Amino acid sequence: MAKTLRVGMIGYRFMGKAHSNAWRQAPRFFPLKAHVEMHTICGRDAAGVQQARVQLGWQHASHDWRDVVESPLIDIVDINTPNDSHAEIAIAAAQNGKHVLCEKPLALTVKQAEQMLAAAQKAKIIHMVCHNYRRIPAIAQAKKMITEGALGRIFHFRARYAQDWLVDPEVPLIWRLQKGVSGSGAHGDINAHIIDLGRYLVGEFQEVCGMMHTFVNERPLLDDSSKGSGLTAKGARKMGKVTVDDAAMFIGRFENGALANLEATRYGLGRKNHIEIEINGSKGSLFFDFEDMNRLKFYNNEDAKDRQGFRDILVTQGGGVHPYFGNWWPIGHIIGYEHTFIHTVVDFVNACVDGKLTQPTFEEGVKNQRVLEAVETSAKSGKWVKVSSIK
Ligand code: SOE
(Lines give C-alpha, C1' and ligand atoms only; values in the text may rest on other atoms or scores of the structure.)
Protein backbone atom coordinates (compact mmCIF):
# COMPACT_ATOMS: atom_id res chain seq x y z
CA MET A 1 0.00 0.00 0.00
CA ALA A 2 1.26 3.43 -0.90
CA LYS A 3 2.32 5.67 1.94
CA THR A 4 0.04 8.61 2.85
CA LEU A 5 1.52 12.11 3.02
CA ARG A 6 -0.59 14.75 4.75
CA VAL A 7 -0.12 18.32 3.62
CA GLY A 8 -0.44 21.48 5.68
CA MET A 9 -0.53 24.58 3.49
CA ILE A 10 0.18 28.03 4.97
CA GLY A 11 -1.26 30.97 3.01
CA TYR A 12 -4.31 30.70 0.81
CA ARG A 13 -4.45 33.60 -1.61
CA PHE A 14 -3.09 33.55 -5.20
CA MET A 15 -0.28 31.04 -4.63
CA GLY A 16 -2.35 29.09 -2.11
CA LYS A 17 -4.99 28.66 -4.80
CA ALA A 18 -2.43 27.56 -7.40
CA HIS A 19 -0.86 25.10 -4.96
CA SER A 20 -4.24 23.74 -3.79
CA ASN A 21 -5.13 22.99 -7.38
CA ALA A 22 -1.77 21.25 -7.80
CA TRP A 23 -2.22 19.08 -4.71
CA ARG A 24 -5.66 18.07 -5.97
CA GLN A 25 -4.75 17.42 -9.60
CA ALA A 26 -1.32 15.80 -9.23
CA PRO A 27 -2.62 12.34 -8.19
CA ARG A 28 -5.35 12.47 -10.82
CA PHE A 29 -2.91 12.68 -13.71
CA PHE A 30 0.45 11.38 -12.48
CA PRO A 31 1.45 8.11 -10.84
CA LEU A 32 2.43 9.51 -7.44
CA LYS A 33 4.45 7.29 -5.13
CA ALA A 34 2.27 8.33 -2.18
CA HIS A 35 -1.33 9.02 -1.49
CA VAL A 36 -1.67 12.76 -0.79
CA GLU A 37 -4.16 14.18 1.70
CA MET A 38 -5.00 17.89 1.60
CA HIS A 39 -5.16 17.95 5.37
CA THR A 40 -4.97 21.51 6.73
CA ILE A 41 -5.09 24.95 5.17
CA CYS A 42 -3.86 27.82 7.31
CA GLY A 43 -4.13 31.61 7.30
CA ARG A 44 -4.34 34.42 9.84
CA ASP A 45 -7.93 35.42 9.14
CA ALA A 46 -10.11 32.69 10.65
CA ALA A 47 -13.19 33.50 8.53
CA GLY A 48 -11.15 33.87 5.33
CA VAL A 49 -9.32 30.60 5.81
CA GLN A 50 -12.55 28.75 6.56
CA GLN A 51 -14.02 30.02 3.30
CA ALA A 52 -10.83 29.04 1.44
CA ARG A 53 -10.96 25.58 3.03
CA VAL A 54 -14.39 24.98 1.53
CA GLN A 55 -13.57 26.54 -1.84
CA LEU A 56 -10.19 24.88 -2.29
CA GLY A 57 -11.14 21.53 -0.81
CA TRP A 58 -9.05 21.09 2.35
CA GLN A 59 -10.16 18.90 5.25
CA HIS A 60 -9.32 21.25 8.11
CA ALA A 61 -8.59 24.95 8.64
CA SER A 62 -6.24 26.55 11.12
CA HIS A 63 -5.37 30.17 11.82
CA ASP A 64 -2.08 29.44 13.59
CA TRP A 65 0.80 28.16 11.44
CA ARG A 66 2.58 26.85 14.56
CA ASP A 67 -0.21 24.35 15.14
CA VAL A 68 0.30 23.08 11.60
CA VAL A 69 4.09 22.73 11.69
CA GLU A 70 3.93 21.07 15.11
CA SER A 71 1.09 18.69 14.31
CA PRO A 72 2.11 15.02 14.27
CA LEU A 73 -0.53 14.50 11.58
CA ILE A 74 1.31 16.66 9.02
CA ASP A 75 4.13 15.34 6.79
CA ILE A 76 4.57 18.22 4.32
CA VAL A 77 4.44 21.98 4.94
CA ASP A 78 3.72 24.09 1.85
CA ILE A 79 4.54 27.79 2.39
CA ASN A 80 2.67 30.41 0.35
CA THR A 81 2.81 33.37 2.72
CA PRO A 82 4.41 36.80 2.14
CA ASN A 83 8.19 36.57 1.99
CA ASP A 84 8.97 37.85 5.50
CA SER A 85 7.50 34.73 7.12
CA HIS A 86 9.13 32.06 4.90
CA ALA A 87 12.19 31.63 7.10
CA GLU A 88 10.42 31.38 10.45
CA ILE A 89 7.83 28.88 9.17
CA ALA A 90 10.29 26.78 7.14
CA ILE A 91 12.81 26.52 9.99
CA ALA A 92 10.10 25.53 12.50
CA ALA A 93 8.68 23.00 10.01
CA ALA A 94 12.12 21.47 9.41
CA GLN A 95 12.77 21.29 13.16
CA ASN A 96 9.54 19.33 13.44
CA GLY A 97 10.71 16.94 10.71
CA LYS A 98 8.30 18.10 7.99
CA HIS A 99 9.26 18.19 4.33
CA VAL A 100 9.03 21.79 3.05
CA LEU A 101 7.93 23.27 -0.25
CA CYS A 102 8.40 27.06 -0.14
CA GLU A 103 7.34 29.80 -2.55
CA LYS A 104 10.01 32.06 -4.04
CA PRO A 105 12.01 34.08 -3.28
CA LEU A 106 13.20 31.71 -0.57
CA ALA A 107 13.85 34.48 1.96
CA LEU A 108 14.43 38.19 2.50
CA THR A 109 18.22 37.88 2.61
CA VAL A 110 21.06 35.46 1.86
CA LYS A 111 21.62 35.07 5.58
CA GLN A 112 18.03 34.01 6.20
CA ALA A 113 18.10 31.65 3.23
CA GLU A 114 21.25 30.04 4.58
CA GLN A 115 19.59 29.51 7.96
CA MET A 116 16.69 27.81 6.20
CA LEU A 117 19.06 25.56 4.29
CA ALA A 118 21.00 24.69 7.45
CA ALA A 119 17.79 23.77 9.30
CA ALA A 120 16.59 21.65 6.37
CA GLN A 121 19.91 19.84 6.05
CA LYS A 122 20.16 19.23 9.78
CA ALA A 123 16.66 17.72 9.85
CA LYS A 124 17.37 15.73 6.65
CA ILE A 125 14.02 16.71 5.19
CA ILE A 126 13.16 17.18 1.53
CA HIS A 127 13.22 20.90 0.73
CA MET A 128 12.29 22.65 -2.47
CA VAL A 129 11.72 26.21 -3.70
CA CYS A 130 8.68 26.62 -5.92
CA HIS A 131 10.25 27.97 -9.11
CA ASN A 132 7.37 26.55 -11.09
CA TYR A 133 8.53 27.83 -14.49
CA ARG A 134 11.31 25.23 -14.55
CA ARG A 135 8.58 22.67 -15.05
CA ILE A 136 7.00 24.17 -18.13
CA PRO A 137 7.47 21.32 -20.62
CA ALA A 138 9.10 23.74 -23.12
CA ILE A 139 11.63 24.90 -20.49
CA ALA A 140 12.38 21.32 -19.43
CA GLN A 141 12.79 20.49 -23.13
CA ALA A 142 15.18 23.46 -23.54
CA LYS A 143 17.22 22.11 -20.62
CA LYS A 144 17.36 18.69 -22.28
CA MET A 145 18.48 20.15 -25.61
CA ILE A 146 21.16 22.32 -23.99
CA THR A 147 22.44 19.37 -21.95
CA GLU A 148 22.60 17.26 -25.11
CA GLY A 149 24.67 19.98 -26.76
CA ALA A 150 22.14 21.13 -29.36
CA LEU A 151 23.19 24.76 -28.82
CA GLY A 152 26.93 24.12 -28.57
CA ARG A 153 28.86 26.68 -26.58
CA ILE A 154 26.46 29.21 -25.04
CA PHE A 155 27.16 32.87 -25.74
CA HIS A 156 24.06 34.71 -24.55
CA PHE A 157 21.19 34.34 -22.08
CA ARG A 158 18.67 37.13 -22.48
CA ALA A 159 15.48 37.21 -20.38
CA ARG A 160 12.70 39.67 -19.71
CA TYR A 161 9.90 39.27 -17.16
CA ALA A 162 7.41 42.10 -17.54
CA GLN A 163 4.09 42.85 -15.87
CA ASP A 164 2.17 46.15 -15.89
CA TRP A 165 -0.02 46.19 -12.79
CA LEU A 166 1.85 49.05 -11.11
CA VAL A 167 1.54 51.60 -13.91
CA ASP A 168 -1.64 52.78 -12.17
CA PRO A 169 -0.46 55.08 -9.29
CA GLU A 170 -3.71 54.28 -7.44
CA VAL A 171 -2.63 50.70 -6.79
CA PRO A 172 -2.32 50.75 -2.98
CA LEU A 173 0.74 50.06 -0.88
CA ILE A 174 0.31 46.31 -0.60
CA TRP A 175 2.90 44.03 1.05
CA ARG A 176 4.74 43.46 -2.22
CA LEU A 177 5.73 47.16 -2.16
CA GLN A 178 7.11 47.14 1.38
CA LYS A 179 10.74 46.09 1.69
CA GLY A 180 10.35 44.79 5.25
CA VAL A 181 7.77 42.26 4.08
CA SER A 182 8.84 41.46 0.54
CA GLY A 183 12.62 41.97 0.59
CA SER A 184 12.52 43.70 -2.79
CA GLY A 185 10.04 44.54 -5.55
CA ALA A 186 10.04 43.33 -9.13
CA HIS A 187 13.54 42.09 -8.42
CA GLY A 188 12.77 39.38 -5.82
CA ASP A 189 9.31 38.69 -7.16
CA ILE A 190 9.94 38.15 -10.86
CA ASN A 191 13.67 38.66 -11.57
CA ALA A 192 14.08 35.75 -9.13
CA HIS A 193 12.24 33.53 -11.62
CA ILE A 194 14.42 34.40 -14.62
CA ILE A 195 17.60 34.26 -12.52
CA ASP A 196 16.48 30.75 -11.61
CA LEU A 197 15.94 29.91 -15.27
CA GLY A 198 19.35 31.33 -16.18
CA ARG A 199 21.00 29.22 -13.49
CA TYR A 200 18.99 26.16 -14.57
CA LEU A 201 19.62 26.48 -18.28
CA VAL A 202 23.07 28.07 -18.51
CA GLY A 203 24.95 27.91 -15.19
CA GLU A 204 26.07 29.93 -12.20
CA PHE A 205 26.38 33.71 -12.39
CA GLN A 206 29.90 34.96 -11.74
CA GLU A 207 29.43 38.73 -11.67
CA VAL A 208 26.66 41.25 -12.22
CA CYS A 209 26.11 44.94 -12.83
CA GLY A 210 22.63 46.17 -12.03
CA MET A 211 20.21 49.05 -11.95
CA MET A 212 17.01 49.29 -9.89
CA HIS A 213 14.40 52.00 -10.04
CA THR A 214 11.16 53.09 -8.37
CA PHE A 215 8.90 55.12 -10.66
CA VAL A 216 6.12 55.91 -8.15
CA ASN A 217 7.51 56.66 -4.71
CA GLU A 218 4.29 57.00 -2.74
CA ARG A 219 1.05 55.07 -2.90
CA PRO A 220 -2.28 55.19 -1.06
CA LEU A 221 -2.30 53.25 2.18
CA LEU A 222 -4.51 50.20 2.17
CA ASP A 223 -6.53 51.21 5.21
CA ASP A 224 -7.11 54.76 3.97
CA SER A 225 -10.81 55.34 4.67
CA SER A 226 -10.83 58.73 2.88
CA LYS A 227 -9.99 57.03 -0.43
CA GLY A 228 -12.70 57.63 -2.98
CA SER A 229 -14.88 59.63 -0.58
CA GLY A 230 -15.69 62.83 -2.46
CA LEU A 231 -13.87 65.71 -4.12
CA THR A 232 -11.39 66.33 -1.33
CA ALA A 233 -10.50 62.68 -1.03
CA LYS A 234 -7.41 62.77 -3.17
CA GLY A 235 -5.75 65.65 -1.33
CA ALA A 236 -6.60 64.14 2.04
CA ARG A 237 -5.52 60.64 1.18
CA LYS A 238 -3.01 59.01 3.42
CA MET A 239 0.01 57.99 1.42
CA GLY A 240 2.84 55.64 2.27
CA LYS A 241 6.34 55.27 0.93
CA VAL A 242 7.13 52.58 -1.61
CA THR A 243 10.34 50.99 -0.35
CA VAL A 244 11.08 48.55 -3.16
CA ASP A 245 12.09 48.68 -6.81
CA ASP A 246 9.49 48.85 -9.58
CA ALA A 247 12.01 47.64 -12.15
CA ALA A 248 15.37 45.92 -11.93
CA MET A 249 17.76 45.24 -14.77
CA PHE A 250 21.20 43.76 -14.90
CA ILE A 251 23.87 42.47 -17.14
CA GLY A 252 26.17 39.71 -16.03
CA ARG A 253 28.65 37.01 -16.83
CA PHE A 254 28.18 33.32 -16.14
CA GLU A 255 31.05 31.22 -14.81
CA ASN A 256 31.14 29.40 -18.16
CA GLY A 257 31.75 32.68 -19.98
CA ALA A 258 28.24 33.22 -21.35
CA LEU A 259 26.85 36.76 -21.12
CA ALA A 260 23.57 37.57 -19.40
CA ASN A 261 21.03 40.32 -19.85
CA LEU A 262 17.98 40.27 -17.55
CA GLU A 263 15.12 42.69 -17.00
CA ALA A 264 12.18 42.63 -14.59
CA THR A 265 9.52 45.29 -14.51
CA ARG A 266 6.01 45.93 -13.25
CA TYR A 267 5.72 48.87 -15.67
CA GLY A 268 5.78 47.08 -19.03
CA LEU A 269 2.41 48.44 -20.16
CA GLY A 270 0.59 45.81 -22.17
CA ARG A 271 2.71 43.03 -20.72
CA LYS A 272 0.61 41.15 -18.18
CA ASN A 273 2.82 38.23 -17.24
CA HIS A 274 5.34 38.23 -20.03
CA ILE A 275 8.41 36.02 -19.87
CA GLU A 276 10.67 35.98 -22.88
CA ILE A 277 13.93 34.09 -23.07
CA GLU A 278 16.51 33.78 -25.82
CA ILE A 279 19.65 31.68 -25.61
CA ASN A 280 22.25 31.83 -28.36
CA GLY A 281 24.96 29.25 -28.79
CA SER A 282 27.59 28.25 -31.34
CA LYS A 283 25.35 25.62 -32.96
CA GLY A 284 21.88 27.01 -32.44
CA SER A 285 19.50 29.26 -30.55
CA LEU A 286 16.36 28.79 -28.48
CA PHE A 287 13.53 31.23 -27.95
CA PHE A 288 10.67 30.94 -25.45
CA ASP A 289 7.67 33.16 -24.84
CA PHE A 290 5.45 32.32 -21.85
CA GLU A 291 2.39 33.70 -23.65
CA ASP A 292 2.90 30.83 -26.10
CA MET A 293 4.18 28.39 -23.49
CA ASN A 294 3.57 25.13 -25.32
CA ARG A 295 6.03 26.18 -28.01
CA LEU A 296 9.82 26.33 -28.09
CA LYS A 297 11.57 27.95 -31.03
CA PHE A 298 14.81 26.39 -32.17
CA TYR A 299 17.27 27.69 -34.73
CA ASN A 300 19.66 25.00 -35.87
CA ASN A 301 22.72 26.31 -37.65
CA GLU A 302 23.26 22.87 -39.13
CA ASP A 303 20.04 23.05 -41.16
CA ALA A 304 20.57 23.41 -44.89
CA LYS A 305 21.37 27.04 -45.71
CA ASP A 306 18.39 27.44 -48.02
CA ARG A 307 15.90 26.55 -45.24
CA GLN A 308 17.40 27.99 -42.10
CA GLY A 309 15.15 29.80 -39.65
CA PHE A 310 13.58 29.36 -36.22
CA ARG A 311 11.42 26.26 -36.23
CA ASP A 312 8.48 25.75 -33.89
CA ILE A 313 8.64 22.78 -31.58
CA LEU A 314 5.17 22.21 -30.20
CA VAL A 315 6.15 20.63 -26.88
CA THR A 316 3.07 18.44 -26.66
CA GLN A 317 4.19 14.91 -27.55
CA GLY A 318 3.40 12.10 -25.16
CA GLY A 319 5.14 8.76 -24.76
CA GLY A 320 8.07 10.30 -22.93
CA VAL A 321 9.06 12.44 -25.94
CA HIS A 322 8.40 15.75 -24.19
CA PRO A 323 8.79 16.26 -20.43
CA TYR A 324 5.57 15.91 -18.38
CA PHE A 325 3.24 16.10 -21.37
CA GLY A 326 2.46 12.41 -21.67
CA ASN A 327 0.36 12.50 -18.51
CA TRP A 328 -1.97 15.11 -19.93
CA TRP A 329 -3.81 15.11 -23.22
CA PRO A 330 -3.39 13.68 -26.72
CA ILE A 331 -0.70 15.41 -28.84
CA GLY A 332 -1.32 19.11 -29.42
CA HIS A 333 -3.95 19.56 -26.70
CA ILE A 334 -2.10 22.31 -24.91
CA ILE A 335 -1.62 22.98 -21.19
CA GLY A 336 -1.24 26.18 -19.11
CA TYR A 337 0.07 28.05 -16.07
CA GLU A 338 -1.53 25.80 -13.44
CA HIS A 339 0.18 22.72 -14.84
CA THR A 340 3.60 24.10 -13.86
CA PHE A 341 2.59 23.87 -10.19
CA ILE A 342 1.17 20.38 -10.67
CA HIS A 343 4.48 19.18 -12.16
CA THR A 344 6.31 20.76 -9.21
CA VAL A 345 4.11 18.95 -6.69
CA VAL A 346 4.50 15.63 -8.53
CA ASP A 347 8.29 15.80 -8.40
CA PHE A 348 8.23 17.01 -4.80
CA VAL A 349 5.96 14.21 -3.55
CA ASN A 350 8.01 11.54 -5.31
CA ALA A 351 11.19 13.06 -3.85
CA CYS A 352 9.65 12.84 -0.35
CA VAL A 353 8.91 9.16 -0.86
CA ASP A 354 12.32 8.39 -2.40
CA GLY A 355 14.12 10.45 0.23
CA LYS A 356 16.09 12.14 -2.57
CA LEU A 357 16.14 15.89 -3.15
CA THR A 358 14.75 17.29 -6.36
CA GLN A 359 15.74 20.65 -7.86
CA PRO A 360 15.50 23.50 -7.04
CA THR A 361 16.41 22.81 -3.41
CA PHE A 362 16.93 25.43 -0.68
CA GLU A 363 20.60 25.33 -1.68
CA GLU A 364 19.57 26.64 -5.08
CA GLY A 365 17.34 29.14 -3.30
CA VAL A 366 20.42 30.42 -1.46
CA LYS A 367 22.32 30.76 -4.76
CA ASN A 368 19.41 32.64 -6.30
CA GLN A 369 19.27 34.94 -3.28
CA ARG A 370 22.99 35.60 -3.64
CA VAL A 371 22.49 36.78 -7.22
CA LEU A 372 19.56 38.97 -6.13
CA GLU A 373 21.71 40.55 -3.41
CA ALA A 374 24.69 40.99 -5.74
CA VAL A 375 22.49 42.95 -8.15
CA GLU A 376 21.16 45.12 -5.31
CA THR A 377 24.69 45.80 -4.09
CA SER A 378 25.75 46.72 -7.59
CA ALA A 379 22.72 48.97 -8.11
CA LYS A 380 23.66 50.89 -4.97
CA SER A 381 27.35 51.25 -5.76
CA GLY A 382 27.12 51.53 -9.55
CA LYS A 383 29.88 48.93 -9.78
CA TRP A 384 30.25 45.34 -10.93
CA VAL A 385 29.83 42.85 -8.09
CA LYS A 386 31.16 39.30 -7.88
CA VAL A 387 28.40 36.96 -6.76
CA SER A 388 30.87 35.04 -4.57
CA SER A 389 31.56 38.24 -2.60
CA ILE A 390 28.00 38.16 -1.19
CA LYS A 391 28.06 36.36 2.14
C1 SOE B 1 3.17 38.57 -8.88
O2 SOE B 1 4.05 39.40 -9.52
C3 SOE B 1 3.32 37.11 -9.29
O4 SOE B 1 2.24 36.45 -8.74
C5 SOE B 1 4.59 36.44 -8.77
O6 SOE B 1 4.68 36.51 -7.38
C7 SOE B 1 4.64 35.02 -9.26
O8 SOE B 1 5.78 34.37 -8.80
C9 SOE B 1 4.60 35.07 -10.77
O10 SOE B 1 4.67 33.80 -11.29
C11 SOE B 1 3.36 35.74 -11.25
O12 SOE B 1 3.29 37.02 -10.70
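# A tour of two domains and a ligand site

Start by colouring domain 1 (3-133) and domain 2 (136-357 + 369-381), as the domain assignment of the protein gives them; such bounds come from an automatic or database assignment. This is a predicted model, in which local features need pLDDT of at least 70 and side-chain atom pairs count only at pLDDT 80 or more, while totals for chains, interfaces and linings use all residues. Residues are numbered from 1 along each chain as its sequence is written, and side-chain values use heavy atoms, with hydrogens and water left out.

**The interface**

Taken over C-alpha atoms, the centres of domain 1 and domain 2 are 23 Å apart. Select the residues in contact (heavy atoms within 4.5 Å): 42 residues of domain 1 meet 44 residues of domain 2. The area buried between the two domains is about 3,900 Å², with 70% given by carbon and sulfur atoms; buried area is the accessible area (1.4 Å probe) that two parts lose on being put together, summed over both. Now pick F30, I126 and Y133, which supply 24% of the area that domain 1 buries against domain 2, more than any other three residues.

Next, show E114 and R370, whose side chains form a salt bridge at 2.6 Å, N to O. The rule (a side-chain nitrogen of Lys or Arg within 4 Å of a carboxyl oxygen of Asp or Glu) finds three salt bridges across the interface of domain 1 and domain 2.

On the side of domain 1 that touches domain 2, the elements giving two or more residues are α1 (14-29), β2 (34-42), β5 (99-103), α5 (110-123) and β6 (127-130). These are DSSP runs numbered from the N terminus: helices (H or I, at least four residues) and strands (E, at least two). Helix α1 gives the largest share of that side, 10 residues.

**The ligand**

Select the ligand and the residues near it (a heavy atom within 4 Å): F14, K104, Y133, Y161, Q163, R176, D189, H193, N273 and Y337. Three of them can be labelled by distance from a polar side-chain atom to a ligand oxygen atom: Y133 at 2.7 Å, D189 at 2.5 Å and H193 at 2.8 Å.

**Backbone stops**

K104, one of the residues around the ligand, is joined to P105 by a cis peptide bond with omega near -15°. P105 lies in the loop between β5 and α5. Move on to K124, in the loop between α5 and β6; this non-glycine residue has a positive phi, near 55°. Finish at Q359 and P360, where the peptide bond is cis and omega is about -10°. P360 is in the loop between α10 (337-354) and α11 (362-381).

Terms used. Polar contact = N/O pair within 3.5 Å; in protein donor to acceptor, adjacent residues only side chain to side chain.
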